[in-house]
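Here are a few notes to help you find your way around this one. Have a look at the sequence and the model, then work through the points in order.

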Amino acid sequence: MSHRRSGTLRRRVAALLAVTAFAWTSAGGPSAAGTGNAGPAPAPALPIAHAAPQATIEEIISALGADKVPVNYVVLVDVSGSMLQDHLYDNVRTALPDLVAALGPDDKIAIDTFGDGPDPIRPLAPAAAFPPAAKALDHVEVDSTASTDMGGALAMALSQLSAKPVAQVGVVLLLTDGKPDISPAISKYAMAGVNNDSTKDAIAAGIAKSRPWLDIRDGFAALAAPPDTMTVLGCGLPLRPGQELKDDLGAVVSSVFTNAYVDSTPGAATLHDFVQTAQSTARIQQVAAKVKGDNGATVTAALKIAGLDDPTTPLDLSTGTAAATVTLTNTAAAIPMTVSNLRLDPSGTIGMSVTGLAASYDLAPRQSLPIPVTLHWPVPSAKSLGGDPVDRAGGLRLSGTVGSPWTKAITEKVDNTFTTKTALAPVALSIAGHEAGTVDTMQIALIVLIVLALAALGVVAWRLAPAPLAGRLEVEANGATHTYDLTGRHQKLGTVSLGGAEATIRLRGPIRDRGQGGAGVQCRPSERARGRKSGFCPRNDVLILTGRWQFRHLPD
């Protein structure tokens with residue numbers, strides 16, 4: 001066999017060994033043990049605390065549409081004799097257009113006067129309707145002997161606001177310079193022991209004991225209750241300076257109206273501002289009515305992993321990821337809510353993390369918001385020859401911070417007892433994970449590659465192995481002939497003299513991949529023989545290496 005052919009075979013064997021080693025390593029052999037077939041799970045997205053900007057009361061009023069709701073106003077103007085002093089009545093009549101100018105385009109206004117009794121001057125109608133509201137008092141004069149039938153005026157206002165259809169908002173504006181002071185002979189709203197010299201406490205006690213006054217109070221309360229649910233506001237404007245008059249007027253309106261307001265700046269010159277303050281106060285009361293049911297509101301949460309509708313179904317750990325949905329629901333009917341610091345904390349042996357959560361979420365009233373997230377976990381190491389299945393247990397805990405951008409303004413301007421929950425009710429989800437024990441597709445492919453490589457090695461080894469020697473070999477050199485019986489696959493002849501040199505003849509059976517058949521012998525003299533040359537002597541043939549060396553392979 002030539003040196004070139006021998007080198008080629010060695011290279012083939014080396015290549016096959018390299019392929020086999022690579023396949024074994026890739027299939028999970030010693031060099032790949034415990035590495036797994038996936039990288040580490042991504043780090044979870046940690047939300048950052050987020051403080052929602054706080055809304056102003058004006059923004060809340062606008063968001064709830066309270067500034068667009070038409071208001072029915074009933075203006076009660078005192079025309080008792082004392083209104084002639086200091087031009088009080090003239091000042092009211094002059095400032096009335098300013099009051100009307102402060103109304104909204106869809107508002108309605110009624111104007112009544114009261115002295116010894118109530119007198120309807122203008123029915124409840126839009127301000128621009130006839131007769132014009134701004135000129136309603138132009139022809140009304142003060143009776144210098146008239147008393148102050150404040151109860152009769154309030155009863156008339158109740159009747160006007162109760163007319164169907166009932167408006168969403170009703171405001172009574174009481175403009176006076178005195179106290180309820182009327183004779184029982186003139187009005188049923190006269191109160192025993194209450195006159196122009198009575199204190200605020202006496203006035204409040206008198207109203208509490210007077211059935212006609214209590215009927216007025218109950219009537220306004222009924223308007224505010226279902227089915228009408230009108231927002232009713234009673235506002236008083238003292239037309240003279242002084243704390244006593246303000247307190248006395250406050251005793252009247254607070255005894256009759258659940259929602260009452262007395263302006264701190266006396267005088268008809270402030271009528272425009274007085275109406276605007278009344279408007280704002282009425283709108284705040286609307287806000288109070290709308291958000292009342294949301295006191296203590298919160299956000300609920302739910303967590304669901306895709307494909308695991310049945311909580312007993314195990315999670316396939318071989319995937320490394322799973323899609324999930326976090327659902328946030330605002331339970332409030334009127335106020336928006338904000339969730340921040342939302343996080344999913346893992347537990348157990350699965351080692352989960354989550355991506356897809358934002359720093360904060362804003363939820364409209366009654367909104368339910370689904371948030372897609374992705375769960376990650378380390379994939380178990382591949383098994384080179386399979387293994388038993390493994391069950392793992394874990395869990396996720398959802399938590400977060402809850403608030404509302406409206407809470408501060410509502411607490412300060414509307415209801416100081418209003419609050420919302422500050423923490424998301426924790427949601428816990430238990431997870432059962434399953435690690436299959438079967439060999440995966442990649443492992444099967446690598447094992448097949450190993451088997452093929454080993455088979456190829458076997459074929460090469462078989463073809464490189466020499467065939468058995470058979471028969472006899474005659475070696476002739478320098479006229480001398482030596483005969484040898486051939487046995488085994490390798491044979492070493494004794495030392496012979498070839499061409500004047502001592503040489504050892506080594507014999508070997510034929511190599512199968514040379515196409516030389518199964519008979520013959522390869523002859524190779526030792527290095528000591530000059531003119532060393534190897535050759536193949538087929539059966540029943542002669543091999544002449546040199547002119548002096550001749551090999552003859554004889555049959556059995």
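1. A quick term before the overall picture: two residues are in contact when heavy atoms lie within 4.5 Å. With that in mind, take the contacts in the protein chain whose separation is 6 or more: 70% of them are between residues 24 or more positions apart.

2. Keep in mind that this is a predicted model. The pLDDT averages 80 over the protein chain, and 74% of the residues score at least 70. Among the elements, helix 4 (residues 150-161) has the highest mean pLDDT, at 97, while helix 1 (residues 3-26) has the lowest, at 49.

3. Please go carefully at the start of the chain. Residues 1-9 have a pLDDT below 50, and the model gives this stretch 10 contacts beyond near neighbours in sequence. The pLDDT is also below 50 over residues 23-50, a stretch with 52 such contacts. Where pLDDT is low, the predicted coordinates should not be read in detail.

4. Now for the overall make-up. The protein chain has 10 helices and 23 strands. Of its 556 residues, 45% are buried. The exposed area comes to about 26900 Å², with 56% of it supplied by carbon and sulfur atoms.

5. How do helix 6 and helix 7 pack, and at what angle? Helix 6 covers residues 211-224 and helix 7 covers residues 243-256; their axes are 8 Å apart and make an angle of about 60°. Angles from 35 up to 65 degrees fall in the oblique class, so helix 6 and helix 7 are oblique to each other.

6. It's worth zooming in on that helix pair. From helix 6, the residues involved are Trp 213, Ile 216, Arg 217 and Phe 220, and they meet Val 252, Ser 255 and Val 256 of helix 7. By type, the residues of this contact split into 5 nonpolar, 1 polar and 1 charged.

7. Then look at the loop between helix 6 and strand 5 (231-238), where Pro 227 lies. The peptide bond joining Pro 226 and Pro 227 is cis, with omega about 5°. Thr 229 has its place in that loop between helix 6 and strand 5 too. Its phi is near 45°, a positive value in a residue other than glycine. Thr 229 has 45% relative accessibility, so it counts as partly exposed.

8. Another cis peptide bond to check runs from Phe 130 to Pro 131, with omega near -5°. Pro 131 sits in the loop between strand 3 (118-126) and helix 4.

9. Is Asp 86 buried or exposed? The cut-off for exposed is over 50% relative accessible area, and Asp 86 is at 55%, so it counts as exposed. You'll find Asp 86 in the loop between strand 1 (71-78) and helix 3. Its phi is positive, near 55°, and the residue is not a glycine.

10. Last, move on to Asp 90, which is found in helix 3 (residues 88-101). With a relative accessibility of 34%, Asp 90 counts as partly exposed. Along the chain, Asp 90 and Leu 137 are 47 residues apart, yet in the model their C-alpha atoms are separated by 9.5 Å.

Definitions and conventions:
Residues numbered from 1 in each chain as written. Predicted model: local features only at pLDDT ≥ 70, side-chain atom pairs only at ≥ 80, totals over all residues. Heavy atoms only, no water. Helix = DSSP H or I, 4+ residues; strand = E, 2+ residues; numbered from the N terminus. Buried < 20%, exposed > 50% of the residue type's maximum accessible area, 1.4 Å probe, protein only. Areas by Shrake-Rupley, 256 points an atom, 1.4 Å probe, with all protein chains shown as cover. pLDDT = per-residue confidence, 0-100. Axes fitted to C-alpha atoms, helices over the stretch in contact; angles between N-to-C directions. Parallel < 35°, antiparallel > 145°, perpendicular 65-115°, else oblique. Nonpolar A, V, L, I, M, F, W, Y, C, P; charged D, E, K, R; others polar.
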